[in-house]
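Subject: Structure for you to look at, with notes

Dear colleague,

Please find the structure below, followed by my notes on what I found in it. I would be glad if you read the notes with the structure open beside them.

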Amino acid sequence: MPSVRRLVPPVVLACLLLAGCKSPSLGTSAPSGSGSPAGGAAGTTGSGRAIAVGAGPQKHYTVQRQPAPGTCHYRYEHGEPLEDPKCTPGAISPAVTQANLKSTICRKGGYTSGVRPSAYVTGKEKKLNAASYDYTGGLSEGEYDHLISLQLGGDPNDPRNLWVEPADPHHKASQGINNKKDPVETKLHTAVCAGRITLAAAQQAIVTDWTTALSRLHLQ
């Protein structure tokens with residue numbers, strides 16, 4: 001009788017020996033044109049896609065490549081602007097974990113100021129990203145926003161985690177940056193540091209839809 005090895009094609013046999021073949025995870029690669037290295041993943045979003053892991057805090061940040069002009073498109077929920085998940089799927093910092101919250105984002109004295117890129121770097125990235133999104137408003141009215149905020153362990157300078165967020169629909173021109181996403185991030189941060197929700201749950205909720213993140217986690 002022929003051996004089992006001869007009856008099974010080599011590729012199938014290799015899969016069996018490795019306990020099954022798995023297709024690569026979606027949502028962990030950088031967008032087209034991104035100079036940021038793809039990392040591992042921490043959990044999945046509400047849509048089942050893994051959240052990418054960026055390079056984390058750097059001593060010296062460099063201007064990151066952005067998606068090609070006109071390739072990103074805003075979405076709107078309840079009139080509020082949302083990012084294009086293909087261009088801005090979010091990325092987390094490997095330096096922030098559930099185990100070290102007290103020494104990172106929840107520590108007294110603050111965390112974000114020590115990891116935030118300089119305005120010189122983000123200013124150049126903001127102009128490039130505005131072109132990616134075909135943003136036509138004043139740059140002083142739109143926020144260069146971390147989709148997963150720094151206070152929630154978002155990566156500081158991964159282009160997958162940054163986008164030009166337009167002002168709220170009822171925002172008056174010349175009043176500077178003011179949007180409804182910031183209070184959501186603060187409430188999530190408070191809940192994470194109080195142990196009411198996990199860091200991963202907060203990150204997943206905000207990349208899925210920041211307008212529903214609080215209700216999704218029963219924080220409203």
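Just after helix α3, Asp134 takes a positive phi of about 55°, and please bear in mind for this and for everything that follows that the model is a predicted one. Helix α3 itself runs over residues 119-132, and with 14 residues at 1.5 Å a residue it should span 20 Å, which agrees with the 19 Å that separate its end C-alpha atoms.

Which residues of α3 are buried? They are Val121, Thr122, Glu125, Lys126, Asn129, Ala130 and Ser132, and because they cover an arc of only 155° around the axis, they lie on the same side of α3. On the other side of the helix, Tyr120 and Lys127 are exposed. The cover over the buried residues of α3 includes strands β6 (143-146) and β7 (162-165).

Strand β6 comes up again among the charged pairs, of which I describe some here; the structure holds 5 salt bridges. Asp145 forms one of them with Lys181, their closest N and O atoms being 2.9 Å apart, and since Asp145 lies in strand β6 and Lys181 in helix α4, the pair ties together parts that are 36 residues apart in sequence. Asp145 has a relative accessibility of 2% and so counts as buried, and Lys181, at 0%, counts as buried too. This pair does not stand alone, for Asp145, Lys181 and Glu185 are linked in a network of salt bridges.

A further salt bridge joins Glu80 to Lys180, with 3.8 Å between the closest N and O atoms. It links distant parts of the chain, Glu80 being in strand β4 (residues 80-82) and Lys180 in the loop between β7 and α4 (181-193), 100 residues apart. Are its two partners buried or exposed? Glu80 has a relative accessibility of 8%, below the 20% cut-off, and therefore counts as buried, whereas Lys180, at 48%, counts as partly exposed because its value falls between that cut-off and the 50% above which a residue is called exposed.

Finally, Arg160 forms a salt bridge with Asp158, the closest N and O atoms being 2.6 Å apart. Arg160 is buried, with a relative accessible area of 0%, and Asp158, at 1% relative accessibility, counts as buried as well.

With best wishes

Terms used: Residues are numbered from 1 along each chain as its sequence is written. This is a predicted model: local features need pLDDT of at least 70, side-chain atom pairs count only at pLDDT 80 or more; totals for chains, interfaces and linings use all residues. Side-chain values use heavy atoms; hydrogens and water are left out. Helices (H or I, at least four residues) and strands (E, at least two) are DSSP runs, numbered from the N terminus. The expected span of a helix is 1.5 Å times one less than its number of residues. Buried means under 20% relative accessible area, exposed over 50%, partly exposed in between (1.4 Å probe, protein chains only). The arc is that of the directions from the helix axis to the C-beta atoms. Contact means heavy atoms within 4.5 Å. A salt bridge is a side-chain nitrogen of Lys or Arg within 4 Å of a carboxyl oxygen of Asp or Glu.
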